[in-house]
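Visitor: I would like to know how the labels on a structure are earned. Could you take me through some of them?

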Amino acid sequence: TYELTKVALKRSGANMMLDLVDRDGRTLRVPWSRLQYNRALWDLVYNGILHSVYVGHAETDLGARNHLKLPRRTG
């Protein structure tokens with residue numbers, strides 16, 4: 001999660017889905033609430049997201065910025 005290029009958080013039915021794309025084009029789509037059930041796992045994922053955004057690698061959508069308190073892409 002430290003080499004992400006895209007972070008999006010979108011509603012899908014009753015769930016908020018977290019979409020992640022890394023620099024090699026691999027994708028992950030997972031319910032946001034499922035990651036948050038495991039606090040240690042969520043901390044690792046969120047730190048990777050923050051790192052990717054702050055070094056300028058990851059673009060974020062409005063949902064991710066609002067719900068995850070992320071800045072716009074900085075680099």
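**Labels and their reasons**

Guide: Let us start with tryptophan 42, which is buried at a relative accessible area of 6%. Keep in mind that this is a predicted model.

Visitor: Why is tryptophan 42 called buried?

Guide: Its relative accessible area is 6%. Buried means under 20%. Tryptophan 42 therefore counts as buried.

Visitor: Why is alanine 40 called buried or exposed, whichever it is?

Guide: Alanine 40 is found in helix H2, residues 39-54. Its relative accessibility is 52%. The cut-off for exposed is over 50%, so alanine 40 is exposed.

Visitor: And what makes lysine 10 partly exposed?

Guide: Lysine 10 lies in strand E1, residues 4-12. Its relative accessible area is 40%. Buried needs under 20% and exposed needs over 50%. The value falls in between, so lysine 10 is partly exposed.

Visitor: How many aromatic pairs are there?

Guide: The count comes to one aromatic pair. The rings belong to tryptophan 42 and tyrosine 46, with centres 5.6 Å apart and planes at 35 degrees. The limit for the centres is within 6.5 Å, so these two rings pair.

Visitor: Why is the pair of tryptophan 42 and tyrosine 46 called tilted?

Guide: Look at the angle of 35 degrees. Stacked needs under 30 degrees and edge-to-face needs over 60. The angle fits neither, so the pair is tilted.

Visitor: How are tryptophan 42 and tyrosine 46 placed along helix H2?

Guide: They are four residues apart in helix H2, so about one helical turn separates them.

Visitor: Why does aspartate 61 have no salt bridge with lysine 10?

Guide: Aspartate 61 sits in the loop between strand E4 (59-60) and helix H3 (62-68). It is buried, and lysine 10 has the nearest side chain of opposite charge, 4.3 Å away. A salt bridge must be within 4 Å, so this pair does not qualify.

Visitor: How do you know that aspartate 61 and lysine 10 are in contact?

Guide: Lysine 10 is on the contact list of aspartate 61, along with Val7, Ala8 and Leu9; neighbours within four places in sequence are left aside. Contact means heavy atoms within 4.5 Å.

Visitor: What does the side chain of aspartate 61 reach?

Guide: It reaches the backbone nitrogen of alanine 64 at 2.8 Å. The limit for a polar contact is within 3.5 Å, and 2.8 Å meets that distance.

Visitor: Last one: what makes strands E2 and E3 a pair?

Guide: Strand E2 (residues 15-22) and strand E3 (residues 27-31) share five bridges, in the antiparallel sense. Pairing takes at least two bridges, so E2 and E3 pair.

Key: Residues numbered from 1 in each chain as written. Predicted model: local features only at pLDDT ≥ 70, side-chain atom pairs only at ≥ 80, totals over all residues. Heavy atoms only, no water. Helix = DSSP H or I, 4+ residues; strand = E, 2+ residues; numbered from the N terminus. Buried < 20%, exposed > 50% of the residue type's maximum accessible area, 1.4 Å probe, protein only. Phe/Tyr/Trp six-rings, centres within 6.5 Å; stacked < 30°, edge-to-face > 60°. Lys, Arg positive; Asp, Glu negative; His and termini not counted. Polar contact = N/O pair within 3.5 Å; in protein donor to acceptor, adjacent residues only side chain to side chain.
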